[in-house]
Amino acid sequence: MSTSRLIVVEGPIGVGKTTLARRLAQTFGCEPMLERAAENPFLEKFYRDPNTSALPVQLYFLLQRARQLQKWRQDDLFQRVRIADFLLDKDRLFARLTLDDDEYRLYETVYQSLAIDAPRPDLVVSLQAPLPVLLERINRRGIDYEQQINASYLQRVVDAYTQFFYYFDAAPLLVVNTAEINLVDNEQDYQLLLEHIMRIKSGRHYFNPIPAGF
(Lines give C-alpha, C1' and ligand atoms only; values in the text may rest on other atoms or scores of the structure.)
Protein backbone atom coordinates (compact mmCIF):
# COMPACT_ATOMS: atom_id res chain seq x y z
CA MET A 1 0.00 0.00 0.00
CA SER A 2 1.25 3.47 -0.84
CA THR A 3 2.07 5.80 2.06
CA SER A 4 2.62 8.82 -0.16
CA ARG A 5 1.06 12.17 0.65
CA LEU A 6 -0.90 13.94 -2.08
CA ILE A 7 -0.99 17.75 -1.96
CA VAL A 8 -3.25 19.55 -4.43
CA VAL A 9 -2.94 23.27 -5.15
CA GLU A 10 -6.09 24.91 -6.50
CA GLY A 11 -7.49 28.33 -7.32
CA PRO A 12 -8.81 30.56 -10.09
CA ILE A 13 -7.00 31.61 -13.25
CA GLY A 14 -3.96 33.77 -12.52
CA VAL A 15 -3.71 33.04 -8.81
CA GLY A 16 -0.41 31.16 -9.12
CA LYS A 17 -1.38 27.54 -8.47
CA THR A 18 0.91 26.03 -11.12
CA THR A 19 3.87 28.12 -9.97
CA LEU A 20 3.37 27.01 -6.37
CA ALA A 21 2.85 23.37 -7.40
CA ARG A 22 6.12 23.43 -9.34
CA ARG A 23 7.97 24.92 -6.39
CA LEU A 24 6.53 22.41 -3.94
CA ALA A 25 7.46 19.58 -6.28
CA GLN A 26 11.00 20.89 -6.45
CA THR A 27 11.14 21.09 -2.65
CA PHE A 28 9.91 17.50 -2.24
CA GLY A 29 11.86 16.10 -5.18
CA CYS A 30 8.94 14.82 -7.20
CA GLU A 31 7.43 15.33 -10.64
CA PRO A 32 4.19 17.35 -10.38
CA MET A 33 0.99 16.55 -12.21
CA LEU A 34 0.03 19.83 -13.88
CA GLU A 35 -2.82 21.17 -15.91
CA ARG A 36 -1.82 21.38 -19.55
CA ALA A 37 -4.20 24.11 -20.62
CA ALA A 38 -2.02 25.17 -23.55
CA GLU A 39 -2.64 21.77 -25.17
CA ASN A 40 -6.41 22.32 -25.33
CA PRO A 41 -7.08 23.37 -28.94
CA PHE A 42 -10.49 24.83 -28.04
CA LEU A 43 -9.39 27.12 -25.20
CA GLU A 44 -8.46 30.17 -27.26
CA LYS A 45 -11.74 29.87 -29.17
CA PHE A 46 -13.58 29.67 -25.86
CA TYR A 47 -12.12 32.93 -24.59
CA ARG A 48 -13.11 34.59 -27.87
CA ASP A 49 -16.63 33.12 -27.96
CA PRO A 50 -17.66 31.09 -24.89
CA ASN A 51 -21.09 30.24 -26.27
CA THR A 52 -19.79 28.13 -29.14
CA SER A 53 -16.74 26.47 -27.58
CA ALA A 54 -17.62 25.73 -23.95
CA LEU A 55 -18.59 22.09 -24.47
CA PRO A 56 -15.53 20.96 -26.46
CA VAL A 57 -13.27 22.82 -24.01
CA GLN A 58 -14.76 20.98 -21.04
CA LEU A 59 -14.81 17.55 -22.68
CA TYR A 60 -11.20 17.93 -23.77
CA PHE A 61 -10.12 18.87 -20.24
CA LEU A 62 -12.14 16.01 -18.75
CA LEU A 63 -10.59 13.39 -21.03
CA GLN A 64 -7.12 14.89 -20.60
CA ARG A 65 -7.34 14.79 -16.81
CA ALA A 66 -8.74 11.26 -16.80
CA ARG A 67 -5.70 10.11 -18.80
CA GLN A 68 -3.34 12.04 -16.52
CA LEU A 69 -4.81 10.52 -13.37
CA GLN A 70 -4.68 6.99 -14.78
CA LYS A 71 -1.05 7.33 -15.80
CA TRP A 72 -0.12 9.07 -12.56
CA ARG A 73 -1.55 6.27 -10.47
CA GLN A 74 0.72 3.82 -12.29
CA ASP A 75 3.87 5.95 -12.35
CA ASP A 76 3.86 7.69 -8.95
CA LEU A 77 2.39 5.07 -6.65
CA PHE A 78 5.47 4.91 -4.42
CA GLN A 79 6.44 8.59 -4.35
CA ARG A 80 6.71 9.89 -0.79
CA VAL A 81 4.99 13.15 -1.71
CA ARG A 82 2.91 13.87 -4.81
CA ILE A 83 1.91 17.35 -6.01
CA ALA A 84 -0.87 18.34 -8.41
CA ASP A 85 -2.29 21.69 -9.49
CA PHE A 86 -5.87 20.59 -10.00
CA LEU A 87 -8.71 18.71 -8.37
CA LEU A 88 -10.84 16.65 -10.70
CA ASP A 89 -13.92 18.17 -9.02
CA LYS A 90 -12.78 21.53 -10.37
CA ASP A 91 -13.56 20.28 -13.86
CA ARG A 92 -17.20 19.93 -12.86
CA LEU A 93 -17.12 23.41 -11.34
CA PHE A 94 -16.13 24.94 -14.68
CA ALA A 95 -18.59 22.75 -16.57
CA ARG A 96 -21.50 23.92 -14.42
CA LEU A 97 -20.31 27.51 -14.89
CA THR A 98 -19.97 27.45 -18.67
CA LEU A 99 -22.43 24.87 -20.06
CA ASP A 100 -26.15 25.10 -20.57
CA ASP A 101 -28.38 22.40 -19.10
CA ASP A 102 -28.36 20.10 -22.15
CA GLU A 103 -24.61 20.39 -22.55
CA TYR A 104 -24.06 19.73 -18.87
CA ARG A 105 -26.15 16.56 -19.03
CA LEU A 106 -23.98 15.34 -21.91
CA TYR A 107 -20.84 16.26 -19.97
CA GLU A 108 -22.10 14.33 -16.92
CA THR A 109 -22.85 11.29 -19.09
CA VAL A 110 -19.27 11.29 -20.35
CA TYR A 111 -17.94 11.91 -16.82
CA GLN A 112 -19.85 8.96 -15.38
CA SER A 113 -18.85 6.67 -18.26
CA LEU A 114 -15.18 7.27 -17.55
CA ALA A 115 -15.54 5.93 -13.99
CA ILE A 116 -12.54 8.00 -12.90
CA ASP A 117 -10.94 6.79 -9.68
CA ALA A 118 -9.33 10.06 -8.58
CA PRO A 119 -6.97 9.80 -5.60
CA ARG A 120 -8.13 11.51 -2.41
CA PRO A 121 -5.85 14.42 -1.48
CA ASP A 122 -4.20 14.50 1.93
CA LEU A 123 -4.23 18.30 1.72
CA VAL A 124 -5.78 20.86 -0.61
CA VAL A 125 -4.18 24.31 -0.75
CA SER A 126 -6.78 26.79 -2.01
CA LEU A 127 -5.15 29.98 -3.31
CA GLN A 128 -7.27 33.14 -3.35
CA ALA A 129 -6.84 36.70 -4.62
CA PRO A 130 -9.24 39.54 -5.50
CA LEU A 131 -10.20 40.18 -9.10
CA PRO A 132 -7.87 43.18 -9.72
CA VAL A 133 -4.88 41.14 -8.52
CA LEU A 134 -5.79 38.22 -10.79
CA LEU A 135 -6.24 40.49 -13.80
CA GLU A 136 -2.88 42.15 -13.16
CA ARG A 137 -1.12 38.78 -12.87
CA ILE A 138 -2.78 37.48 -16.04
CA ASN A 139 -1.69 40.60 -17.89
CA ARG A 140 1.85 40.37 -16.51
CA ARG A 141 2.44 36.77 -17.52
CA GLY A 142 1.37 37.61 -21.06
CA ILE A 143 -0.16 34.37 -22.35
CA ASP A 144 -1.89 35.43 -25.56
CA TYR A 145 -5.18 33.59 -25.23
CA GLU A 146 -5.56 34.66 -21.58
CA GLN A 147 -5.56 38.33 -22.56
CA GLN A 148 -9.05 37.76 -23.93
CA ILE A 149 -10.46 36.71 -20.55
CA ASN A 150 -13.46 38.83 -19.66
CA ALA A 151 -13.37 40.39 -16.18
CA SER A 152 -17.01 39.47 -15.51
CA TYR A 153 -16.31 35.83 -16.44
CA LEU A 154 -13.26 35.77 -14.18
CA GLN A 155 -15.33 37.15 -11.30
CA ARG A 156 -17.82 34.34 -11.82
CA VAL A 157 -14.93 31.87 -11.63
CA VAL A 158 -13.71 33.47 -8.39
CA ASP A 159 -17.22 33.31 -6.91
CA ALA A 160 -17.61 29.67 -7.96
CA TYR A 161 -14.32 28.74 -6.28
CA THR A 162 -15.31 30.61 -3.12
CA GLN A 163 -18.60 28.74 -2.90
CA PHE A 164 -16.98 25.40 -3.74
CA PHE A 165 -14.39 25.64 -0.98
CA TYR A 166 -16.86 27.08 1.51
CA TYR A 167 -18.58 23.67 1.52
CA PHE A 168 -15.49 21.55 0.79
CA ASP A 169 -14.86 18.82 3.36
CA ALA A 170 -13.40 15.97 1.29
CA ALA A 171 -9.85 16.60 2.57
CA PRO A 172 -7.90 18.86 4.92
CA LEU A 173 -7.94 22.39 3.52
CA LEU A 174 -5.54 25.34 3.73
CA VAL A 175 -7.00 28.61 2.38
CA VAL A 176 -4.25 31.02 1.33
CA ASN A 177 -4.74 34.73 0.66
CA THR A 178 -2.06 35.47 -1.96
CA ALA A 179 -2.92 39.16 -2.50
CA GLU A 180 -0.08 40.49 -0.34
CA ILE A 181 2.52 37.72 -0.57
CA ASN A 182 4.95 36.62 -3.26
CA LEU A 183 5.42 32.88 -3.37
CA VAL A 184 7.65 33.13 -6.44
CA ASP A 185 10.36 35.62 -5.49
CA ASN A 186 10.07 35.93 -1.71
CA GLU A 187 11.76 33.01 0.01
CA GLN A 188 10.43 34.02 3.43
CA ASP A 189 6.82 33.94 2.19
CA TYR A 190 7.35 30.53 0.61
CA GLN A 191 9.06 29.01 3.66
CA LEU A 192 6.35 30.30 5.99
CA LEU A 193 3.67 28.71 3.81
CA LEU A 194 5.68 25.49 3.58
CA GLU A 195 5.79 25.28 7.38
CA HIS A 196 2.00 25.52 7.49
CA ILE A 197 1.63 22.83 4.83
CA MET A 198 3.91 20.44 6.71
CA ARG A 199 1.95 20.82 9.96
CA ILE A 200 -1.59 20.26 8.69
CA LYS A 201 -3.05 16.81 9.17
CA SER A 202 -6.78 17.56 9.35
CA GLY A 203 -9.38 20.29 9.40
CA ARG A 204 -9.68 23.72 7.78
CA HIS A 205 -6.93 26.32 8.14
CA TYR A 206 -6.18 29.85 6.90
CA PHE A 207 -2.91 31.48 5.87
CA ASN A 208 -3.22 35.25 5.68
CA PRO A 209 0.10 36.83 6.71
CA ILE A 210 0.31 40.57 7.29
CA PRO A 211 2.93 42.27 5.10
CA ALA A 212 5.86 43.99 6.81
CA GLY A 213 5.07 47.58 7.76
CA PHE A 214 1.40 46.98 8.59
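Glu10 touches Lys17, Asp85, Phe86, Leu87, Lys90, Val125, Ser126, Leu127, Tyr161 and Phe165, leaving aside residues up to four places away in sequence. The model in which these contacts are found is a predicted one. Glu10 belongs to strand S1, which covers residues 5-10. Its relative accessible area is 0%, so Glu10 counts as buried. One of its neighbours, Lys90, also meets Glu10 in a polar contact between the two side chains, at 3.0 Å.

Phe86, another residue that Glu10 touches, leads on to charges placed over rings. The charged end of Arg65 sits over the ring of Phe86, 5.3 Å from the ring centre. A second example is Arg92, which lies over the face of Tyr111 at 3.8 Å from the centre of that ring.

Rings can also pair with one another, and the model has 12 aromatic pairs. One of them joins Phe46 and Tyr153: the ring centres are 5.7 Å apart and the planes stand at 70 degrees, so this pair is edge-to-face. The two residues come from distant parts of the chain, 107 residues apart, with Phe46 in helix H2 (residues 43-48) and Tyr153 in helix H7 (residues 151-166). Are these two residues buried or exposed? Phe46 has a relative accessible area of 5%, which means that it is buried. Tyr153 is at 11%, and therefore counts as buried too.

The pair formed by Tyr166 and Tyr167 is also edge-to-face, because the planes of the rings are at 85 degrees, with centres 4.9 Å apart. Both Tyr166 and Tyr167 are exposed, whereas Phe46 is buried.

Which residues form one aromatic cluster? They are Phe94, Tyr161, Phe164, Phe165 and Phe168. Two members of this cluster, Tyr161 and Phe165, bring the account back to its starting point, since Glu10 touches both.

The last feature is the largest pocket, with a volume of about 1,000 Å³. Its lining is made up of 44 residues, and those nearest the centre are Gly14, Val15, Gly16, Thr18 and Arg141. Helices H1 (17-28), H2, H3 (50-75), H4 (88-98), H6 (131-141) and H7 are the elements that each give two or more residues to this lining. H2 and H7 have appeared before, as the helices that hold Phe46 and Tyr153.

Definitions and conventions
Residues numbered from 1 in each chain as written. Predicted model: local features only at pLDDT ≥ 70, side-chain atom pairs only at ≥ 80, totals over all residues. Heavy atoms only, no water. Helix = DSSP H or I, 4+ residues; strand = E, 2+ residues; numbered from the N terminus. Buried < 20%, exposed > 50% of the residue type's maximum accessible area, 1.4 Å probe, protein only. Polar contact = N/O pair within 3.5 Å; in protein donor to acceptor, adjacent residues only side chain to side chain. Contact = heavy atoms within 4.5 Å. Phe/Tyr/Trp six-rings, centres within 6.5 Å; stacked < 30°, edge-to-face > 60°. Lys NZ or Arg CZ within 6 Å of the ring centre and 35° of its normal. 1 Å grid on protein atoms, 1.4 Å probe; cavity = no way out; pocket = protein on both sides within 12 Å on 5 of 7 lines; lining within 4 Å. Points joined across faces, edges and corners; volume = space filled by probe spheres on them.
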